[in-house]
Amino acid sequence: MQDEADLPPAVSPSPEEAAEPGGGRRTVFAALGAAAGLAGLTAGCAAPPLSAASSPALPGAPAPRGRLEGQSVLVTGAARGIGRAICLAAAREGADVLGFDIAGPASRHVGYAAATPADLAETERLVRALGRRFLPVQGDVRSRPALARAVDQAVGTFGKLDVVVANAGIMVPEGIAEVNDEGWRDVLDVNLTGTGNTFRAAIPAMSARRRGRMIAIASLLGRMGAPISPQYNASKWGVIGLVKSAALELGGRGITVNAVSPTGVNTTMLRNRRQYAAVTPRGFPGSVPDNLAAVASRNLHPLGVPWVEPEDVAAVVVFLASDEARYVSGASFDVTAGLGAITTA
Ligand SMILES: NC(=O)c1ccc[n+]([C@@H]2O[C@H](COP(=O)([O-])OP(=O)(O)OC[C@H]3O[C@@H](n4cnc5c(N)ncnc54)[C@H](O)[C@@H]3O)[C@@H](O)[C@H]2O)c1
C-alpha cells in the first residue's frame with residue numbers, strides 16, 4: 001500500500017477508449033498482467049465487505065458450530081495478505097491454526113516489502129482473539145524438512161492435521177528477456193516447489209487418518225498467458241497441474257486436492273510501484289495514466305471491481321476445507337470477479 005498516495009486518481013474513459021474494439025491487445029494484456037492493479041487505482045471501488053452470518057441466536061439454543069470446528073489447519077504465507085485472511089477465516093469457523101511464514105525477504109528480486117515477524121505475530125494475535133490456538137512457525141517453503149517439522153508440531157499440539165493450505169508465493173515482474181537465473185529460480189522454487197513441499201510434508205499425517213484437505217493458492221495467471229512475469233505464470237500453471245495430478249494420486253487415501261485461482265487481490269504483492277510499472281504500456285514509462293487505469297478498471301472485471309479482497313479468497317478455501325466439499329477434488333476455483341470467463345472451459 002506504500003505507493004498508493006503517489007499514484008494518480010482515475011477518471012472515466014473517453015468514448016473512444018470505451019469503444020476500442022476488443023479493448024486492444026496492449027490494453028488487455030496490460031490490464032490482465034496488472035491483475036487489476038491499474039484498475040485498483042480508482043478510488044472508492046473497493047469490494048464491498050463480506051456480510052457476516054448474523055442470524056440472532058434463540059435463547060437457550062446451543063452455540064452454532066463452525067464449519068471447521070475442532071480442525072487443525074496449516075497455512076503457509078500466514079503473516080499477511082491472503083494467508084492471514086485464511087488463518088482468520090479458519091479460526092472463525094472453529095479451527096486451530098499453524099501459520100508458517102518466512103517472515104523476511106524471500107528473494108532480492110521481489111520489488112515490494114517483505115513480511116516481518118511482527119506481521120506473523122499480528123496474525124497470531126488476531127487468531128487468538130477469536131478464541132482459537134495459533135502456532136507461529138518461521139520457515140521457508142523451499143525447505144521440505146522445515147515443513148515436515150511444522151506438520152509434526154501441528155500434530156503434536158492439535159492432535160492431527162486436517163487441512164493444509166499452500167499459499168506462500170512471490171512475484172518477480174520481469175519479462176523472460178530480462179529475468180536472471182536467480183529471479184527465475186526463486187519464483188519457481190517458492191511458488192511451485194514450495195507448494196509441492198507443503199503437500200508432500202502433509203501426506204504421511206493425512207494418509208494415516210485417511211482424511212485430508214490440500215488447497216493451493218494458484219492464480220488466474222496460472223490459467224492464461226500474460227507478458228508480465230512468465231516465471232510467475234509458469235509456476236502457477238505448474239501449481240494447477242500439480243493439484244490435478246496429486247488429486248488423482250491421493251484420492252485413494254481420502255485426501256482431496258484443489259486450487260483457488262484469484263485475479264488481483266488487494267495485498268502488498270499487487271499494490272506496489274514495481275507491479276504498476278511492469279504493466280504500464282510502452283510510451284508511459286514509470287507512470288500510470290488515469291485513462292488507462294480507468295479503462296482497465298471498468299472493462300476488466302465483469303463485476304466491476306478493481307480487485308478482490310483476501311477474504312474473498314479465504315471464503316472459497318473454507319468451503320474446500322469443509323464437509324460440504326467432501327467430493328470436490330482436482331479442481332481450480334476462480335475468484336476473479338468474472339474475469340476468469342475469458343479462459344477456455
Ligand atoms: N495478490 C494478488 O494479486 C494475487 C493474485 C493471485 C494469486 N496470488 C497468490 O496468493 C498467494 C498469497 O499472496 P499475497 O497476495 O497474500 O502476497 P503477500 O506478499 O502479501 O503474502 C505472501 C506471504 O508469503 C510469505 N512467503 C513468501 N515466500 C515465502 C517462503 N519462501 N516461505 C514461506 N513464506 C513465504 C511472505 O512472507 C508473505 O507473508 C501467493 O501464492 C500469490 O502468488 C496473489
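## Ligand contacts

A polar backbone atom of Val141 lies 3.0 Å from a nitrogen atom of the ligand, a polar contact being a pair of N or O atoms within 3.5 Å. The ligand's oxygen atoms are also engaged: one is 2.6 Å from an N or O atom in the side chain of Asp101, and one is 2.9 Å from a backbone N or O atom of Ile82. On its own the ligand has 830 Å² of accessible area, of which the protein covers 97%, the areas coming from the Shrake-Rupley method with a 1.4 Å probe.

This is a predicted model, in which local features need pLDDT of at least 70 and side-chain atom pairs count only at pLDDT 80 or more, while totals for chains, interfaces and linings use all residues. Residues are numbered from 1 along each chain as its sequence is written, and side-chain values use heavy atoms, with hydrogens and water left out.

## The shell around the ligand

Two or more residues of the shell come from each of α3 and α7 (230-250), where helices are DSSP runs of H or I with at least four residues and strands are runs of E with at least two, numbered from the N terminus. Of the 32 residues around the ligand, those that come nearest are Asp101, Asn167, Tyr232, Val265 and Thr267; a residue is near if one of its heavy atoms lies within 4 Å. By class, the shell holds 18 nonpolar, nine polar and five charged residues.

## The second largest cavity

There are two cavities of 30 Å³ or more, a cavity being a set of points on a 1 Å grid over the protein atoms alone where a 1.4 Å probe fits but cannot get out, with lining residues having an atom within 4 Å of a point. The second largest holds about 40 Å³ of space, and its lining consists of nine nonpolar residues, with no polar and no charged ones. Helix α10 (310-321) gives the most to this lining, with three residues, while α3 (81-92) and β4 (163-166) each supply at least two.

## An aromatic pair

One aromatic pair is counted, using ring centres within 6.5 Å as the limit, with planes under 30 degrees apart taken as stacked, over 60 as edge-to-face and the rest as tilted. The rings of Phe319 and Phe333 have centres 6.3 Å apart and planes at 70 degrees, so the pair is edge-to-face. Phe319 belongs to helix α10 and Phe333 to strand β7 (residues 332-335), 14 residues apart, and the pair thus links distant parts of the chain.

Terms used: On a 1 Å grid over the protein atoms alone, a cavity is a set of points where a 1.4 Å probe fits but cannot get out, and a pocket is an open set with protein on both sides within 12 Å along at least five of seven lines; lining residues have an atom within 4 Å of a point. Grid points are joined across faces, edges and corners, and a volume is the space filled by probe spheres set on the points. Ala, Val, Leu, Ile, Met, Phe, Trp, Tyr, Cys and Pro count as nonpolar, Asp, Glu, Lys and Arg as charged, and the others, Gly among them, as polar. A polar contact is a pair of N or O atoms within 3.5 Å; within protein, one must be able to donate a hydrogen and the other to accept it, and residues adjacent in sequence count only if both atoms are side-chain atoms. Rings of Phe, Tyr and Trp (its six-membered ring) pair if their centres lie within 6.5 Å; planes under 30 degrees apart count as stacked, over 60 as edge-to-face and the rest as tilted.
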